[in-house]
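Please read this briefing beside the sequence and the structure shown below. The topics are taken up one after another, and terms are explained where they are used.

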Amino acid sequence: MSRINSPADLEAFRSNLLSERDPNKTSITLCSGSACHASGSREVAAAIQAEIEQQGLGDEVALRRTGCHGFCERGPIIVIRPEEICYFQIKPEDVPEIISQTIKEKKIIERLLYTDPATKEKIVHESAIPFYKNQGRLVFGSNVEIDPKSIDDYLALGGYSALAKALCQMAPEQVLEEVTKSNLRGRGGGGFPTGRKWAESRNAPGDIKYVIVNADEGDPGAYMDRSLLEGNPHSVLEGLMIGAYAIGSRQGYIYVRQEYPLAVENVNIAIRQAEEYGLLGKSILGSGFDFTIDVHQGAGAFVCGESSALMTALEGKAGEPRPKYIHTAVKGVWDRPSVLNNVETWANVPLIINKGADWFTQYGTEKSKGTKIFSLVGKIANTGLVEVPMGVTLREIIYDIGGGIPGGKRLKAVQTGGPSGGCLPEEMLDLEVGFDELTKAGSMMGSGGMIILDEDTCMVDVARYFLNFLTDESCGKCVPCREGIRQMLKTLTNITQGKGKEGDIELLEQLAEVAREAALCALGRSAPNPFLSTLKYFRDEYEAHIKEKRCPALSCKELISYYIDPAKCQGCGTCLRKCPSEAIVGGKNKIHVVDQEKCTKCGTCFEVCPSRFAAATKISGEPVPPPIPEEARTIVRKSKEK
Amino acid sequence: MSDILLQIDGKEVKAKEGMTVLEAARSAGISIPTLCHHEKLEPYGACRLCLVELDMRGWKKLVVSCLYPVAKDLVVTTRSEKIDRIRKTILELLLAHAPDAFDLQDLAKEYGADRDRFEKESSFCIHCGLCVRYCAEVKKKYAVGFVNRGANREIGFIPEVASKECWNCKECFPLCPTEALQAAYVLTEALASSSLFSEREAEK
Amino acid sequence: MDKDRIDGIIDKHRSEPSSLIQILLEIQAENHWLPKEALEQVSERLQVPMTQIQHIATFYKAFSLVPKGRHQIHICMGTACHVRGASRVLDTVEGLTGIKPGETDLDLKFSVETVNCLGCCALGPVVEIDGKAHGKMAPAQTADVLKNYD
C-alpha cells in the first residue's frame with residue numbers, strides 16, 4: 001500500500017476505491033458493537049460466514065460487521081443492503097432462512113421485522129422505523145455503514161477530505177475561525193465553547209502543545225462515546241488532527257477507559273492504518289504538518305474524566321484534580337497548553353470543516369448549535385443511542401423515539417447528566433434539550449446520559465445511589481468531598497433504611513452547600529445535584545421515608561414487606577417453587593404465606609405471581625397483617641360449586 | 001515587577017506578581033485560617049479552610065486563597081456568613097476524626113464548631129498531607145505516601161525506606177496536627193521489626 | 001511473574017515514568033495481580049518512588065495487590081441496571097459465593113467486583129463473568145448461571 005502524499009492522491013485513491021465497490025452488490029450489515037456482542041452477534045456473524053460459504057455465495061454477498069447502530073434494545077440487528085431490509089433480534093438459527101429466503105429469493109421474513117407496538121404494522125426499511133426516522137443522525141449515522149476495522153470504508157464515505165481541506169487549503173487561523181463561528185460547544189458535559197478553548201491554547205506561550213481526546217466516559221448508563229470510538233474511530237482521529245493543526249500541536253493523546261476493550265482495540269487499529277496510509281505521522285498529505293497520537297488507557301477511576309485529573313493521570317500519577325484558576329488550555333499536561341475535548345466534540349469537527357459553520361448552525365437552537373447523542377436507557381421501550389438536533393423536547397425523545405414506558409407504567413422522572421445532573425419530573429417533559437434549559441430547571445444535559453424512571457423507582461434511593469457512586473470515586477484530596485459527601489451518603493442510607501430523623505434534610509442541605517461551594521473540582525461541586533433536584537421535585541418522598549418510615553415507590557428493602565393477599569391467592573405454587581430462600585409456606589390448594597423471618601426481599605414472588613391473580617403484593621409504612629391460621633388456608637374453588 | 005493593587009476586607013493591599021491571595025493578606029496583617037499550608041511546601045489546596053470570596057465585577061465566587069494568584073483590582077472578602085458557615089462545617093467534619101487535635105481547638109472555638117456533630121470516625125488522619133509532602137519535597141526520601149482513594153484514603157510508610165531513613169529523621173512528626181502520623185510510623189516499625197530489626201542488629 | 005517479562009514490558013514503553021500506569025496495566029492483565037517484587041522492579045527501572053507506585057496501585061480500581069480468583073464476576077451497577085434491580089442480583093451473588101465486591105473466595109474460585117456501566121443497558125441487569133455478559137439477570141437464575149463455572 002503506497003502512501004497518500006497529497007490531496008490529489010487522496011481523491012484518486014478514493015475514486016479508485018469507489019469504482020471497485022458495486023453499490024448494487026448485496027451486503028449484510030451486522031451490528032457488532034459491544035451491546036450486540038453481549039446479545040450474541042459474534043455467533044450470528046460466524047453463522048452468516050459459514051452459511052454464505054456453504055451456499056457458495058462468497059462472490060455475491062458480503063458481510064460487513066459495523067459499529068453500534070443504536071437500537072440496542074433489539075440487537076443483534078442486521079440490515080440487508082441495498083434494499084435496506086432491517087431484521088432484529090437475530091439468532092444463529094435464523095441465518096439459514098435469511099440467506100435462502102431473503103438473500104436468494106428476495107422474500108421478506110415477517111417475524112424478524114420491526115412491529116409498531118401501537119398499529120401492529122410491520123416495517124421493512126430501516127429509515128422508516130420511527131426509532132431511526134425521528135432522529136437526526138449527523139454524527140452517529142455513519143456507524144451503520146462502516147466496518148471500524150477498515151479505513152477504506154471510512155474513505156469511501158468521504159473520510160479525511162476535511163483534513164485535506166484544512167491542511168492544504170486553509171490556514172490554522174481560518175480553521176479556528178470556522179470552528180468558532182459554528183458555536184460548537186463541548187459535548188462532555190461542560191458545554192464550553194470549543195473555539196474559545198482552542199484560541200486560548202493557540203495564543204498561550206510555548207512550543208509544545210497537546211490535544212487530548214477524553215474517552216474516559218464514566219457516567220453510569222452513558223455509552224455514546226464508546227459506540228462512536230468503537231464504530232467510527234477515524235472520525236475522532238480526523239477531528240483531533242484538524243484541531244491540532246489549528247492550535248499548533250504535534251502530539252495527541254487518546255485517554256480511553258480500559259473497561260472499553262473493543263474501543264481500545266479499534267482505535268489502535270485505526271491509528272495503525274492511518275499511519276500506513278500516510279494520513280498520520282510526518283508531513284501529512286505533503287502539507288508539512290507532523291502529528292503523532294499515543295493511546296493511554298484509564299485504570300478504573302471515574303474522577304479521571306475530569307480534565308485536570310485526566311492530565312495528571314497522563315503524567316503517570318494518581319488522578320487527583322488540580323485547581324483550574326489557570327486554565328488547562330494554558331497550563332495542562334506537564335504545564336503545557338493542552339486542549340482537551342470529548343469524543344463527540346472531536347467527531348463534529350470534520351463535519352464543520354467539510355460543510356461549513358453556516359451549515360452546522362442551521363441545526364439546534366440559538367445557544368446550543370448542532371446535535372447531541374443521548375443514551376436513552378432505564379424504564380424505556382426502545383433502549384439505545386439517540387441523536388437529535390438540540391431543541392428537541394424530552395417528551396419527543398422519550399415517546400416519539402423511545403417508544404414510551406413499557407409495562408403500562410407511568411413515567412416518574414428523567415435523570416440526565418449522570419452523577420452531576422438531576423431528575424426532572426413529568427411536568428417538565430416539554431423542556432428542550434440543550435445546554436441551558438435543563439440546567440435552569442435544576443438538572444443538566446451533561447454528557448448525554450438519559451435515564452427514564454417509572455413509578456416503581458424510589459427517588460430517595462436514586463439520590464443515595466449517586467452519592468454512593470461518588471463516595472467510591474472521590475479522589476479523597478479535599479475535605480468537602482471526601483468527608484462531606486460521605487456524610488451525605490450515611491444520612492441518605494439511614495433514610496432509606498427507615499432510620500431517618502427530623503433535621504436530616506437540613507443537615508443534607510448544609511453539607512450540600514459545603515460541597516457545592518468549597519470542593520476542589522467539579523465532581524465534588526456537582527455531587528449534591530441529584531439530592532437537590534430530587535428534594536426539589538419529590539420532597540414528599542423524603543418526608544414519607546423520614547416521618548412515616550414508608551417508601552411510596554415500594555422499593556426500599558428495609559421499608560417494604562412482601563405479603564400474599566389471602567383473598568387473591570389461588571395456590572398455584574409458582575412463588576413457592578421460585579423462592580430462592582424457601583420462605584414461602586404453602587401446599588396444594590392452600591393459600592400461600594410468606595414467612596417474614598426468612599424473606600430476603602428479593603422480589604421474586606412478586607414478579608412470578610401470575611398477573612391474573614396478582615396476589616403477591618408489597619406493603620410499606622404499615623405492619624404486615626398476621627398470617628391467617630392454618631385451618632383457614634384451604635382454597636375453595638368457586639368453579640367447583642355448581 | 002510592578003506592584004499589583006487589590007482590596008482585601010475593604011483594605012487596599014499592595015502585592016507582587018506571582019503572589020497568592022493568602023500571601024498578600026498575610027503581608028498586610030490580615031489573618032486567614034489554614035491547615036494544610038506550610039511555608040516550606042508547595043500550596044496544596046486540600047483543607048479548604050482558607051476559602052475567600054472574590055467579587056469579579058459583580059460575579060461572586062469562592063476560591064482557596066493559598067492557590068489563587070493575585071490580580072489587579074481583585075476584591076476579596078475573608079469573612080462572611082457563608083464563609084463562616086462553611087468553615088464551621090469543615091471543622092466539624094475534621095473533628096469527627098480528631099476531636100482533640102491541638103491545631104483545631106482554637107479554630108473550633110472561633111467558629112463555634114461542635115465536635116460531636118458527626119459520629120466519631122475510626123481513623124484520626126485528617127489528610128492535611130503535610131507529612132507526605134514534606135518527605136517528598138524537602139527531604140526527598142519518599143518514605144511515606146498516600147494509599148487508596150476517597151473516604152478510604154490513608155497514609156502509609158514504605159517499610160524498606162522507613163527503616164533506613166526515619167529513625168534518624170522524624171522531622172515530619174511535629175508537622176502532624178493529630179496522632180495519626182506517629183501511630184502509622186509505630187505500626188510500620190512494629191510490623192517490620194521482626195525482619196528489619198535483626199538486619200539493623202546485624203549491621204551494628 | 002518472570003523478571004525478564006516485566007523488563008520487556010518496561011522497555012516497550014521506553015522506561016518513561018509517565019507510562020507508569022500503562023506498564024502496571026499490562027502486568028496486571030497478564031498476571032492478574034501486582035506482586036510486590038514486580039512493583040519494586042518497576043520502581044527501580046523507572047526511578048519512580050515506591051510511594052507513588054503504592055498510591056497508584058491502590059487508587060485505581062483496575063489493579064489488585066492480591067491474587068484474584070479463577071473467575072471474575074463483574075456486576076454492573078450502572079444507573080440503568082440499578083433501576084432494573086441490580087442490587088438484588090448483587091445480594092444473591094454475595095449469598096451464593098460468600099464474598100462481597102472486592103473480595104476473592106478462599107478457594108480462589110470467584111472474585112466479585114461491581115462495575116459502573118458495561119454499556120449494555122438494554123440487557124440490564126447485566127452480570128459479566130470472565131468477559132461474557134449475561135443479560136436480564138434475576139436473583140432466581142443467578143444460581144444456575146454460577147453453577148456452570150468450576
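**Domains, a helix, a sheet and a contact**

In chain C, the centres of domain 1 and domain 2, taken over C-alpha atoms, are separated by 30 Å. This is a predicted model, in which local features need pLDDT of at least 70 and side-chain atom pairs count only at pLDDT 80 or more, while totals for chains, interfaces and linings use all residues. Residues are numbered from 1 along each chain as its sequence is written, and chains are lettered from A and ligands numbered from 1 in the order in which they are written.

**Chain C: domains and helix H1**

- Domain 1 of chain C spans 3-59 and domain 2 spans 71-147, with bounds that come from an automatic or database domain assignment.
- Helix H1 of chain C covers residues 3-12, and C:Ile6, C:Ile9 and C:Ile10 in this helix are buried (20 or more other C-beta atoms lie within 10 Å of the residue's own, whereas 12 or fewer make it exposed and counts in between make it partly exposed, with C-beta atoms placed from the backbone).
- These residues lie on the same side of H1(C), because they cover an arc of only 100 degrees around the axis, the arc being that of the directions from the helix axis to the C-beta atoms.
- The other side of H1(C) holds C:Asp4, C:Gly8, C:Asp11 and C:Lys12, which are exposed.
- Helix H2 (20-31) and helix H3 (36-46) of chain C are what the buried residues of H1(C) pack against, where contact requires C-beta atoms, placed from the backbone, to lie within 7 Å.
- Just after H1(C), a positive phi of about 55 degrees is found at C:Arg14.

**Chain A: a sheet**

- Chain A has an open sheet of 5 strands in the order E12-E11-E15-E13-E14, with mixed pairing; two strands pair if DSSP finds at least two bridges between them.
- Strand E12 (384-389) and strand E14 (422-425) of chain A are the edge strands, each pairing on one side only.
- Strand E11 (residues 371-378) of chain A runs antiparallel to E12(A) and is joined to it by 6 bridges, and A:Ser375 stands opposite A:Leu385 in E12(A).
- Helices (H or I, at least four residues) and strands (E, at least two) are DSSP runs, numbered from the N terminus.

**Chains A and B: the contact**

- Chain A brings 24 residues to the contact and chain B brings 21 residues.
- On the side of chain A that touches chain B, the elements giving two or more residues are helix H18 (459-473), helix H19 (479-496) and helix H20 (504-518) of chain A, and H19(A) gives the most, with 7 residues.

Key:
Two residues are in contact if their C-beta atoms, placed from the backbone, lie within 7 Å.
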